[in-house]
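Please look through the structure below with the sequence beside it, and follow the paragraphs that come after as a guided reading.

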Amino acid sequence: MSLRILPPAGAPRVLAAAQLSNSVGDGAFYVCSALYFTRVIGLSPTQIGLGLTVAWAVGSVAGVPLGALADRRGPRGTAVLLALATSIAVASFLFIRSFVPFFVVVCLYATAQCGLAAARQALLAGLVDRSARTGVLAHLQSTLNAGLALGAALGGLALQYDTQEAYLAVFALDAVGFLSCTAVLLLLPAVAPVPVRTGGEPRFAVLRDRPYAVLTFLNAVLLLRMPLLSLAIPLWIVARTDAPSWLVSALFVLNTLGVMAFQVRTARTVTGLRSASRAVWHSCLIMLVSCLVFALSAAGLGPWGAGAVLVVGAVLQLVGEMLQSAGSWQISFDLAPDRQVGQYQGFFGTGVPLARTLGPLLLTSLLVTWGVPGWLVLGALFLVTGLGMGAVVRWAERDRARGCGPSADGAEEAAPVTAQAS
């Protein structure tokens, strides 16, 4: 029987093993980190928020030079060093007990994480054919969700015990996970670094690629779906609907399992820039409908009625998320030159910390404070952004056709990757 979560044998499967090795610890980390920082380290919520906000801002800025480093020095070695740095940063949390060391370490953690993401993308680009990259990324996303789900369950056990020893064990698990990731990445073949820059070539060419910069910003807007699921919808359920509070956990599990089961199948429809643009546009239409459904949940439908409406909205959001992920992966790779995949992916990846940093404040103000009209505004924002993505992709293609940007080798449709039977 074929397990859709498993990518094809060879480099894709080793990449998945590396993803799984650190995602289990990350899942436990995400569940327990806030309580660990307050109860074990002794920080205030304000200190935690300030530290994390600044750290992810620093990490997003560092992503481009670290991605460029992966291009110049080779992505495997760079990814190994950054995974090791992440492990050291997580392990350091076990020993710090004040704000200043916490601030330094969390900046190191965020910087290493952002750089590692860019180096991994460059490594994937060097080991996987262009036509197969989106399919492999879909497998990796499914693997990530599987690891996060398992880690969240382990983190739940730590929360149940609610002792310092339990929280310390979670952070130790995450540190060991990244150390294991380091070892697994060493099993991959080395990818040759790109040739030395010519005299007229800028060090960070991505910063001069205007269409790619606009696409990165628009993708960050679409990534508001991340704090939407983790923060805004839980607060909406508790504050604005009659649904039971346990539905918060149920919707999170639904999303995690849905991505595990269907992300690979969804990504098979995306094989080039045209199909990627369609996928993003369809995802934005679906996200608009999901916003309307979520707004309906506040219509005084009672616990069961509100719960049913919220489940429908969550399913629509899941479909939109998977389409947007597949489309954005394809766009980000196909519009990046082969010589500069690391720095381009490092830049495109800044959308994640940007959405995580600005999204909570924006979404809580828009939805929890403003209510139903806020959902209408958010849905319209997704729709307009989807229209903009398609227009900017065409702009980038025109620039490349005129020789104003990197080669658009991936603009033509290609056959999708298929998973091998396990």
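In this predicted model, Phe 99 is in contact with Leu 43, Gln 47 and Leu 50, when its neighbours within four places in sequence are left aside. Of these partners, Leu 43 stands 56 residues away from Phe 99 in sequence, while the C-alpha atoms of the two are 6.7 Å apart in space. Phe 99 itself belongs to helix H4, which covers residues 99-127, and it counts as partly exposed because its relative accessibility is 22%, where buried would require under 20%.

Another place to look at is the loop between helix H5 (133-161) and helix H6 (164-185), where Asp 162 is found. Although Asp 162 is not a glycine, it has a positive phi of about 55 degrees, and with a relative accessible area of 36% this residue is partly exposed.

The reader may then turn to the interior. The largest nonpolar core holds 80 residues, and those that touch the most other members are Leu 185, Leu 228, Ile 331, Trp 375 and Leu 378. Helix H10, made of residues 273-296, gives the most to this core, contributing 10 residues. Because domain 1 (9-191) and domain 2 (205-403) both give residues to this core, it lies between them. Taking Ile 331 as one example, and not counting residues up to four places away in sequence, one finds that it touches Leu 215, Leu 273, Ala 276, Ser 277, Val 280, Met 389 and Val 393. Apart from this core lies another one, of 29 residues, including Val 90, Val 105, Val 170 and Ala 175.

Definitions and conventions:
Residues are numbered from 1 along each chain as its sequence is written. This is a predicted model: local features need pLDDT of at least 70, side-chain atom pairs count only at pLDDT 80 or more; totals for chains, interfaces and linings use all residues. Side-chain values use heavy atoms; hydrogens and water are left out. A nonpolar core is a set of buried Ala, Val, Leu, Ile, Met, Phe, Trp, Tyr and Cys residues joined through side-chain atoms within 4.5 Å. Buried means under 20% relative accessible area, exposed over 50%, partly exposed in between (1.4 Å probe, protein chains only). Helices (H or I, at least four residues) and strands (E, at least two) are DSSP runs, numbered from the N terminus. Domain bounds come from an automatic or database domain assignment. Contact means heavy atoms within 4.5 Å.
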